[in-house]
Amino acid sequence: MTVDTDVPPLVSMRGITIAFPGVLALDGVDFFLRPGEVHSLMGENGAGKSTLIKALTGVYAIDSGTIAVAGEERRFDSTADAQAAGISTVYQEVNLCANLSVGENVMLGHEPRGRLGIDWSAVHREAAEYLASLGLHLDTRSPLAQHSIAIQQLVAISRAMVLEAKVLILDEPTSSLDRGEVEQLFTVMRALRERGVAILFVSHFLDQVYEISDRITVLRNGRLIGEHLVAELPREALVTEMIGRELDELSAISDAADRDIDRTGTPVLRAAGVGKKGVLEPADLEVFEGEVVGLAGLLGSGRTELVRLLYGADKADAGSIEMHGEPAKVHAPRHAIDRRIAFSSENRRSEGVVADLTVAENMVLGVQAQRGWVRRLSKAEQDAIVTEYMEALGVRPADPHVPIGTLSGGNQQKVLLARWLAMQPELLILDEPTRGIDVGAKADIQRKVAELAAKGLSVVFISSELEEVLRITQRVAVLRDRRKIGELDPTSVDLDGLVDFIAHADHDERSVSR
Amino acid sequence: MSATVVDAPAPTAMDRVRTFSARRASVLPTLAAIVILVILLIGAQAEFGNFLSPRNLSALLLDHAYLMVLAVGMTFVIVTGGIDLSVGSVMAFTGILGSSMLASGTPVWIVIPVMLAGGAAIGTLIGVLVQYFNVQPFIASLAGLFLGRGLAYVVSLSSIRVENEPILWLQQTRFLIGDWYITPTGIIALAVVAAGAVIMALTRFGRTVYAIGGSEQSARLMGLSVARTKVLVYVISGLCGGLAGLLLTAYSGAGYPRNGIGTELDVIACVVIGGTLLTGGRGYVLGSMIGVFVFATINTIISFMGAEQSWTHIIIGALLLLFIVVQRAIVARSDRRT
C-alpha cells in the first residue's frame, strides 16, 4: 500500500463496518481523502462503494469504526450533519428539484434574506456568481427541468460550493454524459482541486478514472484491497484488484464475437426507411440471424429513438419493417412481443425493474405477460426459469426471493436480461445494458450476449462505450444528429477510427464492404 | 451543451414572452384561472345586468371567507404532494366546540384559542401519521376526517346558537368603502391569504414546501428539514380548519355538527382550479384564492339563475377535469428537457 503521508487527510474513515441483514456490506474499511486531490473509489458492484459513500454522507449509520473530518471525530446521523461538516454529494440521478429554478436549486436552504424574507434578486445574483465560478452562464430563473442532465449535475456542484464543501463526492456523475459534457465536468473538477477541495470520484469508465484521478482506492466484497497513486497502478493491476481474477475474459469475448455472419439469406429484421418526423430521419437497418449489430453515436444521436421505433414503443410515421421477409406491423410493444422482439430499456429503474418485487418475480414477468395473465405460470415453470437464469447469468446474491431493489445495478441488469431471454426472443434489443454497472458484471453480460448470438439469437446492441460495441458486434451502425450516417465493420476499424467516424464522417452514406 | 447565455442581444417582445413562458410555465394554470374568472364575471354581468355590483362582489368574498381560509391551508399540503381530507370536519368540530363552550359561558378569549388549537391538534396528528408512521396522506387525513366529525357529534348532535357579541361582531360589522363593504371575517380571510402567500414565496420554510413537492428525496439529500416541514403543513392546514370553524360560526351565528360535509372536496377543487398541481411542487396561494373566487362566482351565478345548487358541482367537476388536463399538458411541455 502506498500511502502518501505528506498531506494530512481531510477525511479519515477507519475500520468502517456496516452490516445489512445477511450481508456484511463493509468490513473494517479504511479510507482517507486528502485536500486538493481527486480520489477514485473503485470496485465491482456490491463491492461496497455506495455503502461507503452513504456512510460518509450520513445516509447509513456505521456499526463500528470512526469518521474524522479535519482531525475531528464526527458522527453523521443525517445528510444535513454531513453537509454541516463540509461534505457534499452529487449523485448519478441528480438530486435537485426539477420544479424549481436553477438559481433556487443552487441556493435552496441558504437563500440570502432581507427584512421581508427571501431576497430573490440576491438569490439569483449569488447563484449566477457561483455558476459563473464554474464557467456556467445560465439563466438562473429558468426551471431546472429545462436543462440537460449534464448541466443539472454542474448545478448540483455549484450548490456544493454554496455549502462551502471541503469534500465533494461525485457518484457516477459521468454515466449519462457525452464526451464534451464529461470534459466540462472535468474542467470544473480540476478547478475545484486547485482550490483545495477533496473530491471523491466514482466512475465505471476506466479512461475517465485515469484521466482525472490522483489516487485510487479499490474495494472488493466490502473489504479494502488497496490504496494507490494512479501513476503507480497500471490498468491491468487495477482490474485484477477489482475483479480478483485475471481478465482474459474480455479478449475471449472478443474472439467469440469474431465470426462470419451469413448475410446472404433473408434477414431476421429488415427496417426500410423507418423514421419519425422530428425524432429520426428515415433509416435502414438489417439484422441477420446470429448477428450482433451495434448502434453507436453520441447521446441524442437517435440510437434509442431508432430502437424504440423498431419495438413499437414509439410509432414510426415512415418506412416499413419486415421480419423474416414478411411485412410486420409493429405499432405497439405488444406487436413486437408477439413477433418475439424483446427490448431492454436504457432506463433500468423506471422502465425495467419493479423494485418491490423479488428477483424471481421480476424474471418471470415477461413470460407471464406474453402468456396473458389468465394462464398463470405454474410454480414449477417459474422455478425452472428462475433456476436456469440465476445460474446462467450469475446473479448475486444467488437468492431469487429478495426484492430486486436491494441488488446492485449490475445484478439488476442481469435479472432484466433473464426476463427477456426467458421469453425466447428471436431479436433482442439492448439499450445501454451495461451502463453504470461494474467491470465484472459487464463482462458477464457481454459474454452472455456473445454466447446467445453464437447460438443464433439476433441482437441490436446500444452502448456509449465504444470499446464494448467494437468487442461484441459484427456490424456497427453509426448515427449522428438523429440520422444514420453509415455502417462499419468492427474488425476493420479501431476505437479511434470509430470515434473519428462518429465525429467527422461526411454526410455521404458510407458502407463497409462485406 | 445547451447553456442559455444571459447576455443576449436586446430582447424583442416575442423573446420576452418566450423567456417568461419558459421561466414561469408554472403560473400558466393560475393565469388560465384568472381568465376563466374574468369570463365568468363578464358573462354573468351580460346575463343578469347587476352582477358586477360592489354589493354582490363583496358578498362573493364574505360568503366564502371560510372556504378561502381552508384553501390556503390546503395549498401548503398539496404543494408538498400531500392531501388533507379532514378540513371540512375539522371546521365542523371546532365550530361546534366553540359554540358549545360559548353557550356554557366560557369567555371568548379562551374559546377562540381553543378552537384554533383544536384544529392544529388534528393537523398535527395527521402530520405525524404521515411523516413518522409513513401513512399515506389520503388515509391519514381520512382518519382525521372521521375523527373530526365524530368529535363534532360528541360535542352536540344539534345546532347550538351563538349569541356572543365579539363573535357576532366578526360578521355583522361592515366597513364601508363607497358601495363596497367588508366584514372582519372577510379581512381575516384576506389576511390569511396574504400571510400564506408571503410564507410560501419568501421564507425558507415555504421554499422547502416546494422542494418537497418537487422531490422529497432530493429535498432530504439537500439537507432541508423535510420532516419538520411535512408535519407543519398539516398543522397549518388544521389551524386553517380551526379558523374556518370560527369564521363559519360567526357567519351562520351557530355551530352545527353537520357543517362542511364534502367541503374538503370543494377546497381541493378550488386549489386545483387555482393552478396547484395535485402531484405537488407547483402552485400558489394567490392562485387558490382565484380558485375560490371561480367557485364562488359559479355558485352565485347558479343561485341568480335559480337553478339547482347541484349544478355548481357539475360545473366545478367539469372545470376541474379541464384544469387537470391543461396542467398535464403544461407540465409535460415544460419538463421536456432541451
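What follows is a set of questions and answers on a predicted model with chains A and B.

Colleague: How many helices and strands does chain A have?
Modeller: Start with the model itself, which is predicted. Chain A has both kinds of element, and the tally is 18 helices and 22 strands.

Colleague: Why is chain A said to be as compact as a globular protein of that length?
Modeller: Take the 514 residues of chain A and apply the globule rule, which gives 24 Å. Then compare that with the radius of gyration of the chain. The two are close, so chain A counts as compact, with a radius of gyration of 24 Å.

Colleague: What percentage of the residues in chain A is buried?
Modeller: A residue counts as buried under 20% relative accessible area. The C-alpha trace of chain A spans about 70 × 50 × 50 Å along its principal axes. Of the 514 residues in chain A, the buried share is 57%.

Colleague: What share of the accessible surface of chain A belongs to carbon and sulfur atoms?
Modeller: The accessible surface of chain A comes to about 20900 Å². Carbon and sulfur atoms hold part of that area, and their share is 49%.

Colleague: How far apart are the mean positions of the positive and negative charges of chain A?
Modeller: Chain A has 55 positive and 77 negative charges. Each set has a mean position, and the distance between the two is 5 Å.

Colleague: Which residues of α10(A) are buried?
Modeller: Helix α10 covers residues 303-311 of chain A and is mostly covered, with eight of its nine residues buried. Past the helix comes A:G312, with a positive phi near 85 degrees. The buried residues are A:R303, A:T304, A:E305, A:L306, A:V307, A:L309, A:L310 and A:Y311.

Colleague: Is A:E164 buried or exposed?
Modeller: A:E164 sits in the loop between α5 (149-162) and β9 (167-171) of chain A. Its phi is near 50 degrees, a positive value in a residue other than glycine. The cut-off for exposed is over 50% relative accessible area. A:E164 has 63% relative accessibility, so the word is exposed.

Colleague: Where is A:H324 found?
Modeller: A:H324 has a positive phi, near 50 degrees, and is a residue other than glycine. At 42% relative accessibility, A:H324 counts as partly exposed. Its place is the loop between β16 (318-323) and β17 (326-328) of chain A.

Colleague: What about the other chain? How many helices and strands are there in chain B?
Modeller: Chain B also has both kinds of element. The tally for chain B is 15 helices and four strands.

Colleague: What is the radius of gyration of chain B?
Modeller: For 338 residues the globule rule gives 20 Å. The value for chain B is close to that, so chain B is as compact as a globular protein of that length. The C-alpha trace of chain B spans about 70 × 55 × 35 Å along its principal axes. The radius of gyration of chain B is 21 Å.

Colleague: What percentage of the contacts in chain B with a separation of 6 or more comes from residues 24 or more positions apart?
Modeller: Of the 338 residues in chain B, 53% are buried. Now take the contacts with a separation of 6 or more. Pairs 24 or more positions apart account for 77%.

Colleague: What does α3(B) pack against?
Modeller: Helix α3 (residues 54-63) of chain B is mostly covered, with seven of its 10 residues buried. Among them are B:N56, B:L57 and B:S58. The buried residues pack against α2 (28-48), α4 (65-79), β3 (180-182), α9 (184-202), α12 (226-252) and α14 (285-305) of chain B.

Colleague: How far apart in space are B:L265 and B:G82?
Modeller: B:L265 is in helix α13 (residues 263-273) of chain B. At 52% relative accessibility, B:L265 counts as exposed. B:L265 and B:G82 are 183 residues apart in sequence, while their C-alpha to C-alpha distance is 14 Å.

Colleague: Which residues in chain A lose the most area to chain B?
Modeller: The contact takes 40 residues from chain A and 33 residues from chain B. Together the chains bury about 3000 Å², with 54% of it on carbon and sulfur atoms. Three residues account for 19% of what the chain A side buries, and they are A:N95, A:N99 and A:Q146.

Key. Residues numbered from 1 in each chain as written. Chains lettered and ligands numbered in written order. Predicted model: local features only at pLDDT ≥ 70, side-chain atom pairs only at ≥ 80, totals over all residues. Heavy atoms only, no water. Helix = DSSP H or I, 4+ residues; strand = E, 2+ residues; numbered from the N terminus. Rg over C-alpha atoms; globule rule 2.2 N^0.38 Å. Buried < 20%, exposed > 50% of the residue type's maximum accessible area, 1.4 Å probe, protein only. Areas by Shrake-Rupley, 256 points an atom, 1.4 Å probe, with all protein chains shown as cover. Lys, Arg positive; Asp, Glu negative; His and termini not counted. Charge placed at Lys NZ, Arg CZ, Asp CG, Glu CD. Contact = heavy atoms within 4.5 Å. Buried area = accessible area lost by both parts, 1.4 Å probe.
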